[in-house]
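Hi there,

Here is the structure I promised to pass on, with my notes underneath. Have a look at it first, and then read on at your leisure.

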Amino acid sequence: MTIDRIWSYPTDSGHTEGQDLTGYGVVASDGTIGHVEREDGHHGMWHLVVDTGVWLFGRSAVVPVGVVRAVEVESRTVTLACTGDEVKEAPRFRTDSETMDPAYLTAVGDHYLQLIRRGSTTA
C-alpha cells in the first residue's frame, strides 16, 4: 500500500462519498475504542478524529481512513483493520491544529503503513 492509499477509504469498506460518520462507534480488531468525533481531509489526507473517552485517558486519536475495514450504517459503527494498542501507539494527537499539519499527518500515516508492512493489519 502506498502512502496515498492510507488516506483513501478502501473500495470495499462500505463507505460512500459524502457520508457523515460523526457519532459512529469505532471498533478496533480487539474491541470498541470510542466514536468518530469528525472526519477531515486537509491536504488530501483524509482521516478520522476518534474520541476515545476513558479508554485512552480522555484523549483523541487520528486514524487514516485507509485503515477502515468496514462502515456499517445500520449499527452506526466503523471497524478498523488494527488493534486498539496499535491506535494507542500512533503519534499522539494533542491539538486540532495538528490535523492541518502535513508533517504530523505524514507521521501518522507512516505509523499505520508500518503496521501494514509488518502484516499487523490488513488495510
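**Strands, helices and charges**

Glu39 has Leu48 of strand S3 as its bridge partner. One thing to keep in mind from the start is that this is a predicted model.

That pair belongs to a wider stretch of contacts: S2 and S3 are antiparallel and share 5 bridges. The hairpin they make has 6 residues between the strands, and His43 takes a positive phi there, near 60°.

On to the sheet as a whole. It is open and has 6 strands, in the order S4-S3-S2-S1-S6-S5, with mixed pairing. Strand S4 (60–64) and strand S5 (68–72) stand at the edges with a single partner strand each, so each has one side left without a neighbour in the sheet. From one strand to the next, the twist averages 35°.

Strand S3 spans residues 47–51 and also pairs with S4, again in the antiparallel sense, over 5 bridges. Within the S3 and S4 pairing, Asp51 stands opposite Ser60 of S4. Is S3 buried or exposed? Of its 5 residues, 4 are buried, so S3 is largely enclosed by the rest of the structure. Helix H2 (residues 102–118) lies across S3 and S4, and it runs at about 70° to S4.

Now for the charged side chains, which I think you will enjoy. Side chains of opposite charge can pair when their charged atoms come close. The count here comes to 4 salt bridges.

Which residues does Arg38 pair with? One partner is Asp40, with the closest N and O atoms 2.9 Å apart. Another is Asp96, at 2.8 Å from N to O. Asp96 lies in the loop between helix H1 (84–88) and H2, while Arg38 is in strand S2 (residues 31–40), so this pair ties together parts that are 58 residues apart in sequence.

How accessible are these residues? Arg38 has a relative accessible area of 19%, and because buried means under 20%, Arg38 counts as buried. Asp40 is buried as well, at 15% relative accessibility. Asp96, in contrast, is partly exposed, with a relative accessible area of 45%.

There is also a salt bridge in helix H1 to look at. Asp85 and Lys88 form it, with their closest N and O atoms 4.0 Å apart. The two residues are 3 apart in helix H1, which means that about one helical turn separates them. Asp85 is partly exposed, having a relative accessible area of 45%, and Lys88 is partly exposed too, at 33% relative accessibility.

Finally, which residues are joined into one network by salt bridges that share partners? They are Glu37, Arg38, Asp40 and Asp96.

If you open the model with just one view in mind, I would start from Arg38 and its salt bridges to Asp40 and Asp96, and then turn to S3 and its antiparallel pairing with S2 and S4.

Best wishes, and happy browsing!

Key:
Residues are numbered from 1 along each chain as its sequence is written. This is a predicted model: local features need pLDDT of at least 70, side-chain atom pairs count only at pLDDT 80 or more; totals for chains, interfaces and linings use all residues. Side-chain values use heavy atoms; hydrogens and water are left out. Two strands pair if DSSP finds at least two bridges between them. Axes are lines fitted to C-alpha atoms, for helices over the stretch in contact, and angles run from 0 to 180 degrees between N-to-C directions. Contact means heavy atoms within 4.5 Å. A salt bridge is a side-chain nitrogen of Lys or Arg within 4 Å of a carboxyl oxygen of Asp or Glu. Buried means under 20% relative accessible area, exposed over 50%, partly exposed in between (1.4 Å probe, protein chains only).
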